[in-house]
Number of protein chains: 2
Amino acid sequence: MRKAKIHSMEELSATIGISRPTLSRYFQNPESVRASTARKISDAMETLDYVPNFFATRLNRKATGMLGVVIPHATDLFFASVLEQIEIFAAELGYTVFTQSSHGSPELESRAIEQLLSMNADGVLVAPLGGQSRLESLDRLRRNLPMVLVDSPIPGLDDVDFVGTDNRQSIRMIGEYLLRTGHPPTFLGMPRLNANADSREAAYIELMEEKGLEPVVIRGRSVGASWHFEAYAHDVMEGHFAQGRHVSGALLCANDRLAIGALRAATRFGLTGENGLRIAGHDDHPLSRFMTPALTTVAQDIPAIARAALRLVADQIKGDSHDLPPRRETFATRLIIRESA
Amino acid sequence: MRKAKIHSMEELSATIGISRPTLSRYFQNPESVRASTARKISDAMETLDYVPNFFATRLNRKATGMLGVVIPHATDLFFASVLEQIEIFAAELGYTVFTQSSHGSPELESRAIEQLLSMNADGVLVAPLGGQSRLESLDRLRRNLPMVLVDSPIPGLDDVDFVGTDNRQSIRMIGEYLLRTGHPPTFLGMPRLNANADSREAAYIELMEEKGLEPVVIRGRSVGASWHFEAYAHDVMEGHFAQGRHVSGALLCANDRLAIGALRAATRFGLTGENGLRIAGHDDHPLSRFMTPALTTVAQDIPAIARAALRLVADQIKGDSHDLPPRRETFATRLIIRESA
DNA sequence: TCCTCCCTTTTACGCGTGTAAAGATATGCG
DNA sequence: CGCATATCTTTACACGCGTAAAAGGGAGGA
């Protein structure tokens with residue numbers, strides 16, 4: 001059945017004989033018109049092909065009902081998971097989410113921000129690239145729209161709400177676990193891409209020094225800061241293992257993707273057996289439990305992070321609280337002991 | 001430095017003393033105005049905070065420059081990778097991409113389609129849920145917008161362009177490899193979520209029968225068709241292994257995520273050693289090379305798929321070729337031999 | 001200096017919908 | 001059946017910008 005295509009509300013009004021203002025109210029809320037009228041309209045719609053134009057709809061409203069999200073990489077399951085949760089909660093709140101990925105590029109991140117500004121979104125959630133992010137862009141965004149930083153804060157952009165994981169708590173938890181079960185861990189840091197890289201490393205060092213132990217941090221030559229964490233960790237550790245370094249004890253990786261790469265390298269060097277090198281990660285990547293050996297890690301509370309982020313923007317949006325002191329919500333992680341450590 | 005916020009082009013015009021039509025032309029193409037004028041404007045912009053409204057901009061044009069994308073799950077790295085490539089190529093073509101994930105839900109898929117329709121996008125790329133997709137929604141989309149199906153075709157929606165992988169070729173290639181190197185494979189199918197599930201299984205059966213061998217297909221009770229492929233495969237295979245079934249020979253999995261789950265189960269049963277069970281996958285999941293043992297698989301040509309999908313919509317958009325016969329482009333895969341088979 | 005040519009300004013309308021105001025009509029009740 | 005009230009129609013303006021047409025202004029050449 002080929003329904004007749006209607007292009008505007010005006011046209012709809014003409015063809016079904018109901019005034020445009022009434023139609024407008026109907027599409028915003030069918031119950032705002034008399035039941036008999038609503039029936040007449042919905043009956044007519046059976047035969048017709050019409051959808052109100054989303055943007056024309058918002059053009060003349062103060063709130064657009066749109067939320068922008070910027071993430072560094074859609075192909076990183078951590079961000080994909082956060083995004084998924086954000087979309088779910090945003091839908092519950094009646095927001096439409098528009099996501100832009102920066103593909104790891106500061107320029108694309110700026111463009112994404114520009115895009116969201118020009119869309120006049122009600123608010124924006126940004127998981128920033130980190131150190132590479134262009135401060136002017138983020139600052140401009142902050143000045144113009146309700147905004148919340150997610151996952152990684154930005155040094156130099158302190159007056160913005162932030163939601164993320166308590167890296168100090170999480171690293172201490174997994175670190176203490178490793179210590180408790182016998183091995184002072186070496187730390188495999190991620191490429192210095194964002195603030196998490198620093199704060200996790202700092203938490204590790206603090207813990208070690210607190211215990212009177214020597215912190216040992218491995219960091220490869222950051223060859224053009226790469227988001228290919230698995231490959232990065234694999235190559236770095238392979239280099240060490242080949243020279244007999246770090247072949248025993250425990251290795252605490254700044255995130256699971258690194259751990260997966262390290263695990264692979266260790267396995268190839270036959271280091272992961274009984275009494276071999278213990279490896280632990282951070283994040284509870286969806287595939288971590290399927291690794292061999294299954295990866296011991298800490299799980300970030302992604303739903304809580306997503307929910308909090310939405311709550312904070314929503315507050316800013318309704319409260320117009322541009323001048324309130326910035327809020328900072330971090331969540332604790334959960335220790336997940338598997339086989340690798 | 002706090003730049004003064006300007007809310008409309010009208011306002012901009014008033015404050016910098018340049019007529020709105022000229023500003024309009026400037027923002028569309030700075031070279032369409034005299035160089036001295038362009039300078040005057042860009043100089044003024046240094047002090048001011050203004051971005052033309054994206055949607056108002058498109059409201060009065062025939063083409064909106066927007067492309068819609070619908071994927072089943074942002075947290076499936078295959079779709080995330082496809083999306084990433086689509087975004088890259090779309091940017092090259094000057095399109096702005098708006099992505100909606102259906103989170104595996106037919107209802108959300110329909111809503112996403114509705115959303116894209118109401119946005120008046122120039123075209124839409126849909127990686128459908130598959131059998132669960134609501135045909136009316138997809139059909140409505142097809143009638144109203146240039147559209148291309150990606151990854152999985154929809155039975156019953158045949159007059160739509162399709163871009164994907166040649167499952168027959170890919171399954172035969174990996175299947176023949178397994179046979180050539182010694183083992184007639186058993187097939188672990190994915191939950192019947194989309195057409196790929198069927199066509200890969202069909203390709204397997206065809207190959208086996210052609211070789212005069214008995215096809216053996218494993219399929220768990222599809223407990224509410226699940227997208228948790230790894231867990232699904234793990235549980236199904238664990239059940240078999242526990243009863244001593246399929247513990248040797250070769251297992252061909254319909255995709256890598258299944259293979260990862262199966263691999264994990266096999267490893268726990270000590271089946272993956274020398275002369276043990278051989279396991280192969282399909283897709284070359286980004287983490288497959290980091291599995292232990294590293295997963296033998298076939299790689300889909302994701303960039304080619306993304307590029308072709310964009311080419312097809314672009315053709316439809318410019319050609320208004322709504323009545324041309326539907327085109328169907330499938331790409332060959334590349335055999336990637338690692339350790340698992 | 002005058003006259004083109006090019007770019008700009010002015011003016012006006014259009015995109016599809018929200019929304020306010022005033023008048024017309026339908027609904028429900030006594 | 002008449003009236004008060006809820007709802008609808010009509011009319012008009014607004015949102016932010018594209019764009020066409022006509023008129024204005026400046027730079028360059030003769």
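**A parallel sheet in chain B and the surface around DNA strand C**

In this predicted model, chain B holds an open sheet of 6 strands, paired in parallel and arranged in the order S4-S3-S5-S6-S7-S13. At its edges lie strand S4 (96–101) and strand S13 (328–331) of chain B, each of which pairs on one side only. From one strand of the sheet to its neighbour, the average turn is 15°, with direction ignored. Looking at one pair in detail, strand S3 (residues 66–71) of chain B runs parallel to S4(B), and 6 bridges join the two. One residue to look for here is Val70(B), whose bridge partner in S4(B) is Gln100(B).

Helices pack on this sheet too. Helix H5 (residues 77–92) of chain B touches S3, S4, strand S5 (123–126) and strand S6 (147–150) of chain B, and the direction of helix H5 of chain B makes about 175° with that of S3(B). Helix H12 (residues 302–319) of chain B lies across S3, S5, S6, strand S7 (161–165) and S13 of chain B. Relative to S7(B), helix H12 of chain B runs at about 175°.

Turning to chain A, the domain assignment gives domain 1 (4–52), domain 2 (66–165 + 303–332) and domain 3 (167–299). Domain 2 of chain A is thus written as two stretches of sequence, 66–165 and 303–332. Taken over C-alpha atoms, the centres of domain 1 and domain 2 of chain A are 37 Å apart.

Both chains contribute to the surroundings of DNA strand C. Of the 27 residues around this strand, those that come nearest are Met9(A), Ser24(A) and Tyr50(A), together with Thr22(B) and Thr37(B). By residue class, the surface near DNA strand C comprises 10 nonpolar, 11 polar and 6 charged residues. On the DNA side, sugar or phosphate accounts for 61% of the atoms of DNA strand C within 4 Å of the protein, and bases supply the rest.

Several contacts to phosphate oxygens of DNA strand C can be picked out in chain A. Met9(A) places a backbone N or O atom 2.5 Å from such an oxygen. For Tyr50(A), an N or O atom of the side chain lies 2.7 Å from a phosphate oxygen of DNA strand C, while a polar side-chain atom of Lys62(A) is found at 3.4 Å from a phosphate oxygen of that strand. The elements giving two or more residues to the surface near DNA strand C are helix H2 (20–28) and helix H4 (54–59) of chain A, along with helix H2 (20–28) of chain B.

Note on methods:
Residues numbered from 1 in each chain as written. Chains lettered and ligands numbered in written order. Predicted model: local features only at pLDDT ≥ 70, side-chain atom pairs only at ≥ 80, totals over all residues. Heavy atoms only, no water. Near = heavy atom within 4 Å. Polar contact = N/O pair within 3.5 Å; in protein donor to acceptor, adjacent residues only side chain to side chain. Helix = DSSP H or I, 4+ residues; strand = E, 2+ residues; numbered from the N terminus. Nonpolar A, V, L, I, M, F, W, Y, C, P; charged D, E, K, R; others polar. Domains from an automatic or database assignment. Pairing = 2+ DSSP bridges. Axes fitted to C-alpha atoms, helices over the stretch in contact; angles between N-to-C directions. Contact = heavy atoms within 4.5 Å.
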